[in-house]
Every structure is written in C-alpha cells, then in structure tokens.
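Colleague: Could you walk me through this model before I set anything up with it? I would like to begin with a sheet and then move on to the rest.

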Amino acid sequence: MNEYSHSFSIPCKSDSKGLYYNNNKMYFTSNNSIFILDTSTWEYSHLISLPKQLKNLVINKLIFTSTEDRIYMIGKRGNVIGTLKINSSIFNISPSSKYLAVGNNNVLEIWKIPSEYNFTLFQLERRIVGHYDRITSINYINSDCVLTTSLDCTVRIFDLKKGKSVIIRKFRDPQISAYFDIDTLIFVGSRGKITFLREVTTIKFILDILEGKNIFEEEIVECGSEGNFKNDVIMYGSEIEINKQTDAIKFKKVKREIFKNKFNEPEFVDFTVENYNLRNKENRKVGISETLCIGKDVLDSSYLNGSLYISGKTKEEYFLVQIDDEFLEKKLETEYFEIYKLENFVCLKGTSNLYFTGIKEFKLDFPDICSLDIYRNYVIVGSSDNKVRLYTNFKQFGQLEVNGCFGVHAAEKVIISVSLNGKVDALDYKLFKFRSFDLETKISKSAINEDGSILFLAEYETFNILVVDIKRSKIIETLSVHQGPITCMKFSNNFLFSLSLDNLLVQWNVFQGTYNSLEILGASNFCINNRMIAVSKHNEIQILDLQMNILKSIDFKENIEDISFSIDNSLILVRTNEFLRILHYKTHVCIQSIKLVIPDNTIPILLHYFDKKSFILALNDIKIYEIKSFEINPIELEIDTTFENLQKYLNDKNYFSSLSISLKMNNFELIQNILKTIPQKEVENIVKLLPRNLVIILRKNIKKIVKTDPFICLEWLKNCVVYHKGTCLEGSEVDILRVEIEKYLEDGYRNYYLDEFIKNKQ
C-alpha cells in the first residue's frame with residue numbers, strides 16, 4: 001500500500017544521549033533519531049526514528065538503544081527487531097552478544113537476547129541486588145563477570161553465574177565509570193577524582209576472574225586491625241619490586257595506613273599525582289592507590305589503549321582532559337556531555353554539535369530551530385544562535401550569522417531574515433549578506449511576496465502591518481484594521497492574508513489599498529494553496545476560496561495546532577498535540593496518523609514540501625516524509641500483548657492495535673467480540689495494514705464465526721480478498737460464506753412474506 005513514511009532527518013539541537021563507533025562509522029542520536037556519520041567522507045545518513053527521545057546507544061552485532069520506558073533492538077538496516085519494556089538507560093552487551101546487562105535502578109538484571117525472530121523476545125535470566133543506589137555504568141570483564149559503578153559511591157564486581165557481588169572500592173563521591181586494563185583498575189569520580197588501583201591482590205583478583213576461577217568462594221583477606229573489610233574492601237597492602245634484568249618479581253609486605261574520617265568510617269590514605277604518566281610502567285609502585293584530582297566536575301569519560309579522556313567543567317568553563325603519556329587540558333567552547341575515544345580522533349557530543357578533535361577537526365552543527373522555509377531543493381533554517389543555515393539535498397551547504405532568526409523567508413534570488421525587534425537581513429543563496437537595516441519595532445509575524453521584493457511585518461503592540469520595500473530598506477505603507485495581535489500571515493496570488501486574535505481573517509489588496517474581511521470565531525491558523533484557504537478552528541476546519549466564500553466545513557474532534565494543504569489539495573495535513581493526521585479532502589476521512597515526538601519548549605513547524613510525494617515537518621528534528629509502497633513486518637508492530645493494553649486501545653478507538661493484540665493472543669471469543677466492536681467503516685483500513693501472519697489467524701477465526709454471524713464476516717472477507725488475494729482466503733471459506741448467506745436470505749424472505757400475510761389478514 002502507499003502511505004507517507006519517514007525517509008530522512010536533519011539532526012537538530014538535542015540533549016539525547018547515544019554515541020558509539022563501529023566499522024569506521026560514528027553512530028549518534030538526535031532527539032528520537034539515530035544517525036550514522038561516515039568518518040571518511042564526513043557525510044551522515046538517517047537510520048531510524050523511534051517514538052520517544054533516546055537515552056543510550058550500544059552496538060554489537062545489532063544496535064541497542066533506549067528511551068524512557070524501553071530498550072530497542074535494531075538491525076543494521078534500521079528495522080526494529082524487538083523491544084524490552086524497562087525504565088533504564090544504563091545497559092551493556094556481553095562479549096558473546098548473548099546477554100544484555102541492565103541497570104534497573106540499583107538492581108543488575110541479566111536478559112537473554114533472542115536469537116530468533118519471535119514475539120517472545122527478551123528473557124530475564126537473573127536479578128542481582130548489590131548496590132544501594134542507581135547504577136551509573138556497566139562494563140563486562142568477561143561473559144560471566146561485570147564491573148559496575150553507582151551513586152552509592154561504591155564499585156562492585158558481579159559474578160553472574162552465582163548471583164553474587166563484591167565491593168572492591170568505596171569512595172566519598174559517586175563514581176560514573178570504571179575501566180580495567182591488564183593490570184590496572186581505573187575509577188572516574190563525578191567530582192574529578194581519578195583513581196588508579198594496582199594492588200597485587202587486585203590484579204590477581206581480576207586475572208582469576210578472566211581465567212574463570214571461582215573467586216567468590218575464596219576467603220578474602222582482611223587488612224589492618226582498625227577495620228573489618230571482609231566482603232567490602234579486598235585491597236590489602238603489598239608492594240612489588242621488578243628486577244629489570246631477569247623480570248623476576250619480588251613481593252614486599254608493607255603496612256597500609258588506615259584512619260577514621262569524620263563519618264567514623266575507615267579510609268585509605270591516597271596521594272595526588274601532579275603529572276601522572278599512565279603508560280610509564282618503570283616508575284610504578286604497585287600496592288598504592290594513586291589518585292589524580294583534575295579539579296573539574298566530570299561529565300563523561302572514555303578509555304582506549306592506555307589513554308583516558310574526560311569531558312569536564314568548572315562553574316564557567318568546559319575542558320577536554322587527556323591522561324596518557326602526558327597530562328593535557330584543552331578548553332572547549334561549550335558543554336559536551338558525551339565523549340568517545342577513537343584511534344585517531346576524540347568525538348564529543350553536546351546539545352548543539354558533534355565535535356571531532358585529533359588529526360584534524362570536524363564539527364557537525366545541531367541547530368535550534370526558530371523558523372524554516374523551503375525554496376525548490378533548498379531548506380533554509382533560522383536558529384536560536386542567530387545563524388541562518390542553508391541545506392541542499394538535506395546536507396548543510398553553509399551558515400551565516402545574522403541579527404535574528406524570528407522569521408526566515410525564501411524567494412527566487414533572496415533569503416530574508418527578520419529578528420523579533422525588527423532587524424532585517426537580506427542574503428543570497430551563496431550566503432552573502434548584501435543588505436541589513438533596522439526598523440526598530442517589535443513584531444509578531446512576517447511574510448514576503450513571491451519575488452522577495454516586499455516584506456510584511458505585523459507589529460506586536462499596534463497590530464498594524466508594515467509594508468517594507470527591501471531594495472530601498474524603508475516602510476512604504478501601513479495597513480490598519482486588526483484590533484488584536486496577528487497570529488498568522490501569508491502572501492499568495494497577489495493578496496496578503498492575515499489572521500488576528502480579534503477573529504478577523506483579512507484579505508489585503510496591497511497594491512490597490514483595499515481589503516476584504518471575514519469574522520471566524522475561534523480561528524487559530526490557516527494555510528493557502530491553489531486558490532483555496534483552510535482555516536483551523538476548535539474542532540473544525542473551514543475551507544474558503546480566495547473571495548472568502550465558505551466552501552465546506554470539516555468536523556475534527558481534536559485541538560488543531562497547525563494545518564497545511566498537499567501540493568494538489570487532495571490532502572489536508574493537520575497537526576494535533578500528539579499526532580499528524582492526514583485527511584482526504586473529498587471524503588474527510590483520516591487516511592493516516594503519524595505519532596509525533598514533541599519535547600518541551602519546541603516550536604513546531606509544518607510545511608508541505610516541493611512535490612506531491614513528500615513533505616517536511618520541523619519539530620525536534622527536521623523530518624522529511626515521503627509516500628512509499630511498503631509491507632508491514634509483524635516484528636515491527638510495537639504492541640504489548642496484554643489485556644490492559646487491549647482495553648486501553650479499545651477505549652481510545654485504536655481498533656487496529658486492539659485487533660492485532662487479540663489475533664496475537666489467538667483467543668476465539670476475544671477476536672469475535674473485537675470484530676463485533678469495530679465499525680464497518682474502519683474494516684478496510686485495518687485489513688490492508690494487517691501483516692500476513694495475523695491475516696492467516698483472522699481467516700481461521702472468521703471461518704468459525706461465519707456459521708453463526710455471516711454478516712459481520714462479509715466486510716472482513718471482502719477486504720481480505722481485495723488486499724491479500726488468494727494467500728488469505730481459500731475457496732472453501734467462500735463457499736461456506738455463500739451457503740450461510742443464502743440460508744439467511746431464505747429465512748429473511750420467509751419472514752418477510754409471513755409478516756405481509758399477517759398484515760393482510762388484519
């Protein structure tokens with residue numbers, strides 16, 4: 001079937017998390033979408049968009065990402081294979097790719113990743129309670145052991161087979177990450193305290209784990225006489241001396257100093273390293289926990305091949321800290337809350353850009369959308385950083401700083417940018433600013449004529465419309481009729497149209513100085529295309545011609561936020577609080593609904609694109625939707641098979657989802673009741689969307705229902721034949737249907753003639 005589907009996105013400002021490098025490609029998230037950046041060409045592509053904002057990203061054989069209530073398993077082509085309903089953004093994949101370790105608040109959960117495509121997906125293998133507060137990081141040491149950090153200021157190692165855990169270090173600050181590298185454990189604290197542990201017992205402890213020894217049943221040695229650390233701290237004092245000629249190791253026992261702090265808890269004596277060399281093994285003294293205080297709050301960290309990189313901040317500044325052969329700091333322009341170390345680069349992700357530093361630098365901007373316009377294959381974006389960004393073929397062509405981006409408008413040879421306080425900039429498509437002037441007035445809306453020579457500005461305080469000649473940079477006329485702030489203004493067919501809170505829709509003939517007005521109570525927005533006007537009201541859409549005559553009214557039961565025509569006026573696109581509804585103009589039927597993800601403080605912009613097959617929608621990202629012919633994969637139906645969800649979908653009149661759940665349960669009585677509940681006008685849209693495996697189940701159940709209630713089945717069977725042909729209906733079923741209908745018709749005729757006979761006798 002043919003429907004609009006999301007085909008591409010342009011990443012925009014976002015606080016979503018997710019950064020992972022795999023096979024020369026950097027995967028990153030923006031709001032609810034995953035993108036792939038090729039580090040050889042520095043070109044990105046869109047992979048998939050999900051229903052909610054993304055929180056994490058891990059890639060193994062498959063792609064795993066999470067929202068606030070689910071973890072998604074995604075194929076490399078961007079298809080959703082399965083989901084796990086859980087509220088957690090902290091997870092990791094085992095080296096064998098068979099298990100998913102999830103930090104569910106303070107509990108470590110191990111889920112088995114399905115190896116086949118089926119509806120019973122993830123299986124819970126084990127839940128281990130160890131930490132007392134939320135888990136902040138999970139790293140696999142091997143398939144059976146996991147290293148975790150937590151807000152409870154401890155680091156633990158979990159034995160996944162035995163379901164046990166051991167605290168290997170306590171801290172005063174919450175730990176955000178931990179790494180293990182051959183002979184060293186590295187802990188990164190949230191307040192900038194980096195701890196390196198090289199205890200002989202620590203090394204032996206980890207190596208025993210890696211060799212598969214059952215270390216959790218061995219006795220743990222206590223340290224010192226001033227505190228019992230059994231099952232808490234397993235580090236105890238030792239030093240080693242290495243004979244460089246023979247490589248012989250000599251152990252030397254030392255007494256570790258332990259004191260009581262103000263909380264009356266035992267604490268090791270650490271020391272601060274000014275210029276720490278992580279790779280210089282000659283000067284190492286194993287047996288002392290070395291601490292490096294970088295003096296900054298840690299946002300994120302990444303470790304690769306002996307190099308530790310940290311994204312940190314002070315009250316007013318942001319830094320990139322490098323700890324390997326030398327200790328280096330680099331001041332950053334903005335906050336980066338994620339960091340990923342590659343071989344030749346360090347990648348940092350912030351709300352406004354993706355930044356690569358290393359052999360060469362590269363920055364991918366994420367604009368914060370204020371306004372947007374389209375001209376041919378150009379997308380012009382005005383962002384909150386007062387920059388106009390020009391995209392061609394969905395790739396950024398360039399950017400230019402202007403005085404403000406409250407409104408951007410595109411014509412054949414000019415781009416006009418307008419600030420909220422009346423500053424105007426005129427640019428060409430090479431982003432050269434050739435004119436700039438200030439009208440010193442606060443505006444509420446703006447528009448331009450077809451060739452971009454005339455600019456219209458709606459004044460916020462006086463409610464007047466200023467007519468501005470761009471070439472002369474001056475006001476040539478003032479239009480006055482509105483008694484309230486103007487909420488929408490568009491120019492079309494040599495007329496300017498304006499809508500105000502005074503409920504007046506005004507058609508201005510600017511060149512003759514005349515106007516025509518129509519009062520529309522409750523009007524909130526309008527659009528114009530092909531000499532037709534669509535005005536959105538509360539629960540209603542009115543269609544007008546250019547002479548302001550009302551052609552028709554369309555009832556709409558939701559609150560309308562925005563409205564637009566398709567290029568040929570065959571469709572009306574309506575944006576509500578949660579959905580984009582696509583209505584057929586002639587029949588008023590909603591032929592498609594698209595679920596939207598709209599974060600707080602977002603300015604939604606709905607525009608139809610340049611041809612009949614695609615349109616553009618700017619919400620959290622700039623999304624392009626195209627008409628495509630597709631077949632729904634049953635694995636992609638994100639529906640939880642529960643009676644609670646079934647009842648919820650029925651109450652919401654989401655008949656497709658409710659029927660899908662009943663078919664997946666394959667409960668005859670349930671399916672029969674659902675089929676009786678669904679209105680006949682909804683049957684066609686439901687049947688054409690059902691995947692093959694569910695249609696087969698529907699067919700088998702209809703075969704049973706047709707004997708007792710054939711008229712319910714008639715519409716369902718007819719659409720099965722139309723949309724699924726012979727694969728969904730066998731001849732025997734048609735025969736049964738025909739026989740049963742003939743019986744009912746015979747009974748009907750008999751009852752009719754009997755009724756007529758009784759009437760004549762009376």
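Modeller: Four strands, written here as 4, make an open sheet in the order S47-S48-S49-S50, with antiparallel pairing; two strands count as paired if DSSP finds at least two bridges between them, and strands (E, at least two residues) and helices (H or I, at least four) are DSSP runs numbered from the N terminus. This is a predicted model, in which local features need pLDDT of at least 70 and side-chain atom pairs count only at pLDDT 80 or more, while totals for chains, interfaces and linings use all residues. Residues are numbered from 1 along each chain as its sequence is written, and side-chain values use heavy atoms, with hydrogens and water left out.

Colleague: Which are the edge strands?

Modeller: They are strand S47 (486-492) and strand S50 (514-519), each of which pairs on one side only.

Colleague: And over how many bridges do S49 and S50 pair?

Modeller: Strand S49 (residues 504-509) pairs with S50 over 6 bridges in the antiparallel sense, and Leu 504 stands opposite Glu 519 in S50.

Colleague: Where is Ser 480?

Modeller: Ser 480 is in the loop between strand S46 (474-479) and S47. Leaving aside neighbours within four places in sequence, Ser 480 is in contact with Asn 464 and Trp 508, where contact means heavy atoms within 4.5 Å.

Colleague: Is Ser 480 exposed, partly exposed or buried?

Modeller: Ser 480 counts as partly exposed, at 47% relative accessibility; the classes are buried under 20% relative accessible area, exposed over 50% and partly exposed in between, with a 1.4 Å probe and protein chains only.

Colleague: Changing topic, how many disulfides are there?

Modeller: A search of the whole structure finds 0 disulfides, a disulfide being a pair of cysteine sulfur atoms within 2.5 Å.

Colleague: Why is there no bond at Cys 527?

Modeller: The closest cysteine sulfur, in Cys 488, is 8.6 Å from the sulfur of Cys 527, and that is too far for a bond. Cys 527 is also buried, with a relative accessible area of 5%, and Cys 153 is buried at 13%.

Colleague: Now the interior: how many residues has the largest nonpolar core?

Modeller: The largest nonpolar core has 31 residues, and those with the most contacts inside it are Leu 37, Leu 354, Phe 356 and Ile 622. Strand S35 (residues 369-375) gives the most to this core, with 3 residues. By nonpolar core I mean a set of buried Ala, Val, Leu, Ile, Met, Phe, Trp, Tyr and Cys residues joined through side-chain atoms within 4.5 Å.

Colleague: What does Phe 356 touch?

Modeller: Not counting residues up to four places away in sequence, Phe 356 touches several residues, among them Met 26, Leu 37, Trp 42, Phe 345 and Phe 362. There is also a second, separate core of 27 residues, which includes Leu 646, Leu 675, Val 683 and Leu 698.

Colleague: Which residues of helix H2 are buried, and which are exposed?

Modeller: In helix H2 (residues 643-651), the buried ones are Asn 645, Leu 646 and Tyr 649. They lie on the same side of H2, because they cover an arc of only 105° around the axis, the arc being that of the directions from the helix axis to the C-beta atoms. Phe 643, Glu 644 and Asn 651 are exposed on the other side of H2.

Colleague: What covers the buried residues of H2?

Modeller: The cover includes helix H3 (655-665) and helix H4 (668-677).
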